[in-house]
Amino acid sequence: MIEKAQKFECKKCQKEFLVIQQENAFYKKRNLPIPPNCPECRRERRNNLRNKKELFDRKCDKCKIDMLSTYPKESPYIIYCEKCYFNEIGGIE
Ligand SMILES: [Zn+2]
Ligand SMILES: [Zn+2]
């Protein structure tokens, strides 16, 4: 069986890449746009992101314990330490 596929041009390397129908349907179902880059460029970008991931010293917003977070102090997110996080989501203790 031949998969129906659509051709797209990578915005980065200008190489053509195919998005098979299945993949297309997957994006549609989740209301996601078709990725603008070919799979190779996407993989490269993901790797770069992962390597850049830094850890910041932060305090838990609840118990103020010192911890490391991927979000810097200035970020508006509320960061909980593992313990507070679990207490918050389900009161496991
Ligand atoms: Zn590319
Ligand atoms: Zn905490």
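**Figure 1. Two domains, with their centres 33 Å apart.** In this predicted model, the centres of domain 1 and domain 2, taken over C-alpha atoms, are separated by 33 Å. Domain 1 covers residues 5-52 and domain 2 covers residues 56-90. For another way to feel that spacing, pick Tyr-85 and Asn-47: their C-alpha atoms are 28 Å apart, with these positions 38 residues apart along the chain.

**Figure 2. The whole chain, stretched out.** Three helices and four strands make up the secondary structure of the protein chain, and reading along the sequence gives β-β-α-α-β-β-α. Along its principal axes, the C-alpha trace spans about 55 × 30 × 20 Å. How does the radius of gyration sit against that of a compact globule of 93 residues? The protein chain comes out at 20 Å, whereas the globule would be near 12 Å. Burial is scarce too: just 2% of the 93 residues count as buried. As for contacts between residues at least 6 apart in sequence, 15% of them join residues at least 24 apart.

**Figure 3. The β1-β2 hairpin.** Strand β1 (residues 5-9) and strand β2 (residues 16-20) run antiparallel and are joined by five bridges. Zoom in on the pairing and you'll find Gln-6 opposite Val-19 in β2, while Lys-7 faces Leu-18 of that strand. In a regular strand, side chains alternate between the two faces of the sheet. Six residues lie between the strands of this hairpin, and Gln-14 has a positive phi near 65 degrees.

**Figure 4. Helix α1 and the loop that follows.** Is α1 buried or in the open? None of its nine residues is buried, so the helix lies largely in the open. Just after α1 comes Asn-31, with a positive phi of about 55 degrees. That residue sits in the loop between α1 (21-29) and α2 (39-52). A positive phi stands out here, given that Asn-31 isn't a glycine. Most residues other than glycine have a negative phi. Why is Asn-31 called exposed? Because Asn-31 has 6 other C-beta atoms within 10 Å, and the exposed class takes in counts of 12 or fewer.

**Figure 5. Lys-64, in the loop between β3 and β4.** Which residue in this view has a positive phi of about 65 degrees without being a glycine? That's Lys-64, found in the loop between β3 (56-59) and β4 (66-69). Lys-64 is exposed, because 10 other C-beta atoms lie within 10 Å, and 12 or fewer is what the exposed label asks for.

**Figure 6. Tyr-85 in helix α3.** The last view goes to α3 (residues 82-90), the helix that holds Tyr-85. An α-helix has 3.6 residues a turn, so residues three or four places apart point the same way. What burial class does Tyr-85 fall into? Tyr-85 counts as partly exposed, because there are 13 C-beta neighbours inside 10 Å: 12 or fewer would make a residue exposed, and 20 or more would make it buried.

Key:
Residues are numbered from 1 along each chain as its sequence is written. Chains are lettered from A and ligands numbered from 1 in the order in which they are written. This is a predicted model: local features need pLDDT of at least 70, side-chain atom pairs count only at pLDDT 80 or more; totals for chains, interfaces and linings use all residues. Domain bounds come from an automatic or database domain assignment. Two strands pair if DSSP finds at least two bridges between them. Helices (H or I, at least four residues) and strands (E, at least two) are DSSP runs, numbered from the N terminus. The radius of gyration is taken over C-alpha atoms; the globule rule is 2.2 Å times the number of residues to the power 0.38. Two residues are in contact if their C-beta atoms, placed from the backbone, lie within 7 Å.
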